[in-house]
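Student: I have a protein model open and I would like to practise reasoning from it. Can we go through it together?
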Amino acid sequence: MNVRRPSALFSRVIVALALLIAAAQAALTPQHAQADQAPVYRAAYHFTVPDNWMNDPQRPIFIDGKYQYYYLYNADYTHSVGTAWRRSTTTDNLAFQDQGVAIPKNTQPNGDVWSGSAVVDGSNTAGFGANAVVSIMTQRDSSSGAQAQFLWYSTDGGKTFSHYSDTPVLPNPGKADFRDPKIVRDAAHNRWVMALAEGNSIGFYTSSDLKHWQFQSNFGTSGIGTIECPDLFSIQADDGTTKWVLGAGANGKASGLPNTYAYWTGTFSGTGFQADQAAPQWLDYGWDWYGAVTWDKMVGGSPDPAVRYAMGWMNNWDYPDTTPTWSNDGFNGTDSIVREIRLKKQDGALYSLVSQPNSALDSIVNRTVDLGTIPVNGQVPLSYSGSTYELSADVSWDTATNIGLQLRKSADGTHHADVGVSGGNVYVNRSQTGNPDGSGRYVESRSPLSKKNVHLRILVDRTTLEVFVDDGKYVHSSEIFPAPEDKGISLYSVGGPAQFSNVVIREFKDIYSTTKADDGNNPGSNLTGPWRAAGGSWTSLPDGKTGTAPGDGFYISAQSGSDFSYAADLRLDTANAAGITFRASNDLAKHYTVNINADGGGQVKLWRPGATVGTFNTPIVRGRDYHVKVVAVGPRIQVHLDNSAAPVIDATDSTYTSGLFGINVYNGGGTIRNAEVASPDSGPGPSSGFKTNLSGPWTSVAGSWSDTTAGEAGTFGGDGYLLSSQTASDFTYDADLRPDTAGAAAGLTFRSNDSANGHYTVNVNTAGQIKLWRPWVTLGVYNTSISPGTVYHLKIVAAGSRIKVFFNNATTPVIDVTDTTYSSGRLGLNVWNGSMTAQNATIS
């Protein structure tokens, strides 16, 4: 794992970063490209990061019929280093849907999050609830500066995560390299196992609860560099034998070996791994298949014991910034095709993993071209040309010394990538086309072949070339950067004739660049539809929309309003601006829009056609979510950013008094989630159905809040707060709380600042727990059954640093802790991940 962070290795080159990027940009475009070209390099059927930077894949997990795939993501590339975990989902491991950042970077003292792994805790061993998603990953321990392992957990199916503690669950014992934990369930011993990269060895640790880990043993390696991203799994071979496989990201270049995924077959005792042989085998022989992960292939809800999936990052730390995708398309990060891997018995006692491309590729074949048998003695150009296809062929020869294919060939024949056989090797050579290696050392990869026939299955996409040899024991995955117009194919044979039989080309659909027809819905919004596009193209997400437009694009609901509170979560993907629109006319000639804008260093802007009503200058970066709320009452319009208690814009404008609600993107792609409208925030009053002795006025800091006969009702997709005006230090605070939806939590907040980014909260969570927490830190948990629609009584007694929590009128506290972080502040209510109702909130 290398996560683009200031580390011992990275600090040696950070001073030269600007020069390296400048040099890399000069090499991004093939030398024969013309200045007026606008090439498109985003892959047609490989997963690519939507924007900015991606590196290490994190092992996908299977939840609710979908695979959740996380990867390291930097929204601030190329301005600063550091990574978050971004999430996408898939049902077929071919078409991935972006779901945004699941774990943001730099949100707690230990900084950004690096590689690790997530597991579904079906038996609630960690205490966060049955089927909670628990992730353990490397961060830099703020107390020592060393790499250590920290725990994050999710109770919403892996969509968002909470930080368990500022203290690592596995501290560093004094090692320079101590990272990339891979967690697996050891069913035979009813516990968890961690494989950890520790320099030139892999350490094994065990735990019963994912929080406390005990060292068991080490597996040493030699001659393959610093180990990263370890892997551990069992798999059934083709002869029925079950083997354990230990894998890792490794660098064997100095020994003439690959720089990809090394693996050993053997046995695992529960405490240590015994390899069948000392030398590793390799799952890929190309230049660009690093940080790879493998995961279960689910069939009927259960893992297939004989087949796993595998995927690697198609890049290399010798040239990570050299790509035309950044300057042309605004991203740097492509993954390999997902493979299906099996274990095959070889001659003798050896077992090897064999790979074939994901069978889901069959579903995106646009057309098939069967060219039959082609005799070659010299060079034969094919009639087919393209840039996104699969070519398979059986090749045989007798006296020929060099046989192969020229792919992505230019019209003048001077540029091409070659796949061939010569000198007892299969080779892939990219020296004659655009490629990322400026040194000339990493242009030809080789794997052994001792016979005079071979089956080749070749996947070509806009910047990638993957070659599966025979049964897939040998695979070559490498980046190539041909000009978009280079689409030719030629067959060649040197030193004698060759025969290419069963030559079949399958042309693939572009599943990532094709715009989907809009469905008229806006998931995650409580506004009335049908919605309609007024400029741009719009695609649904589970909780919102992504929109792309060359100028202003709007997506308009059927609901109108005059006085209201209107809020949404906004993210710039490639766009200059994204926002929410209100008081709009049908033709959009009249409207107000508030957007976040990346221009000029960043600002929040309230505008109407022809006029800027108000601005607030603040840094706005792409790839990060911003929560924007508008409160409009008569001519007064207030704009809040990221749950700020005070508005960042407070303007008066009487041009438009009523109109439609909608969302907006400008000059690129943006994402708008959870667009919700409510009555203007007045909070509960003396005549409301909410009974409380807390003083108002009340302030909403995220979420939709309303008075009902049952009490104060709150709804929000994340954490929403309603704060009273009353502050207190030592007190007893109690209320009746009802989580109204499955997955939701209802709570009491106290000692809070105005923005609710510093506070204590106690909530009842339908995941099955009562939790006392402050931002990023869990202070206490009590596990008990919590059901939606049931009223629970919570009481908090706070005296100095001691905080006691009582449940359902019990005389003994279920949580009793000491914490000195906050001594005084406002009191209020909290809702998380759904809806809740509070009643009888009383302080004494």
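Student: What joins strand S1 to S20, and in which sense do they run, parallel or antiparallel?

Tutor: This is a predicted model, and in it strand S1 (residues 52-63) is joined to S20 by 2 bridges, with the strands running parallel. Pairing asks for at least two bridges, so these strands count as a pair. Asn52 stands opposite Phe331 in S20.

Student: Which strands are the edge strands of that sheet, and what makes them edges?

Tutor: The sheet is open and has 5 strands in the order S4-S3-S2-S1-S20, with mixed pairing. Strand S4 (97-103) and strand S20 (331-332) are its edge strands, since each pairs on one side only. As background, strands of a sheet pair through backbone hydrogen bonds, in either the parallel or the antiparallel sense.

Student: Why do S5 and strand S8 stand at the edges of their sheet?

Tutor: That open sheet has 4 strands in the order S5-S6-S7-S8, with antiparallel pairing. S5 and strand S8 (162-163) each have a single partner strand, so one side of each is left without a neighbour in the sheet. Further in, S6 and S7 pair in the antiparallel sense over 8 bridges, and Ser135 stands opposite Trp152 in S7.

Student: How many aromatic pairs are there?

Tutor: The count comes to 40 aromatic pairs. One of them is Phe128 with Tyr153, a stacked pair with 4.0 Å centre to centre and 5° between the planes. It links distant parts of the chain: Phe128 is in the loop between strand S5 (116-121) and strand S6 (132-140), while Tyr153 is in strand S7 (residues 147-154), 25 residues apart.

Student: Why is that pair of Phe128 and Tyr153 called stacked?

Tutor: Set the values against the cut-offs: the centres must lie within 6.5 Å and the planes under 30 degrees apart. With 4.0 Å and 5°, Phe128 and Tyr153 meet both conditions, so the pair is stacked.

Student: Are Phe128 and Tyr153 buried or exposed, and how do you know?

Tutor: Buried means under 20% relative accessible area. Phe128 has 3% relative accessibility, so it counts as buried. Tyr153, at 2%, counts as buried too.

Student: What makes the pair of Phe219 and Trp264 edge-to-face?

Tutor: The angle decides here: there are 70° between the planes, with 5.1 Å centre to centre. Planes over 60 degrees apart count as edge-to-face, so the name fits. Phe219 is in strand S12 (residues 214-220) and Trp264 in strand S15 (residues 261-268), 45 residues apart. Both Phe219 and Trp264 are buried.

Student: How do you know that the charged end of Arg185 sits over the ring of Trp192?

Tutor: The charged end of Arg185 is 4.7 Å from the centre of the Trp192 ring. The distance limit is 6 Å, and the direction must also be within 35 degrees of the ring normal. The distance fits the limit, and the charge is listed as sitting over the ring. Likewise, Arg339 lies over the face of Trp289, at 4.0 Å from the ring centre.

Student: Why is Gly378 called partly exposed?

Tutor: Its relative accessibility is 28%. Buried is under 20% and exposed is over 50%, so Gly378 falls in between. Gly378 is found in strand S23 (residues 365-381). Setting aside neighbours within four places in sequence, it is in contact with Leu491, Tyr492 and Ser493. The C-alpha atoms of Gly378 and Tyr492 are separated by 5.4 Å, although the two residues are 114 residues apart along the chain.

Student: What makes Thr464 buried?

Tutor: Thr464 has 1% relative accessibility, and the cut-off is under 20%, so it counts as buried. Thr464 is in strand S30 (residues 464-469). Beyond its neighbours within four places in sequence, its contacts include His46, Met314 and Ile480.

Student: Which side chains of strand S55 are buried, and which are not?

Tutor: Along strand S55 (residues 815-818), Ile815 and Val817 point to one face and are buried, while Asp816 and Thr818 point to the other and are not. In a regular strand the side chains alternate between the two faces of the sheet. Strand S54 (residues 802-807) and S55 pair in the antiparallel sense over 4 bridges, and Val805 has Ile815 as its bridge partner in S55.

Technical notes. Residues numbered from 1 in each chain as written. Predicted model: local features only at pLDDT ≥ 70, side-chain atom pairs only at ≥ 80, totals over all residues. Heavy atoms only, no water. Buried < 20%, exposed > 50% of the residue type's maximum accessible area, 1.4 Å probe, protein only. Contact = heavy atoms within 4.5 Å. Phe/Tyr/Trp six-rings, centres within 6.5 Å; stacked < 30°, edge-to-face > 60°.
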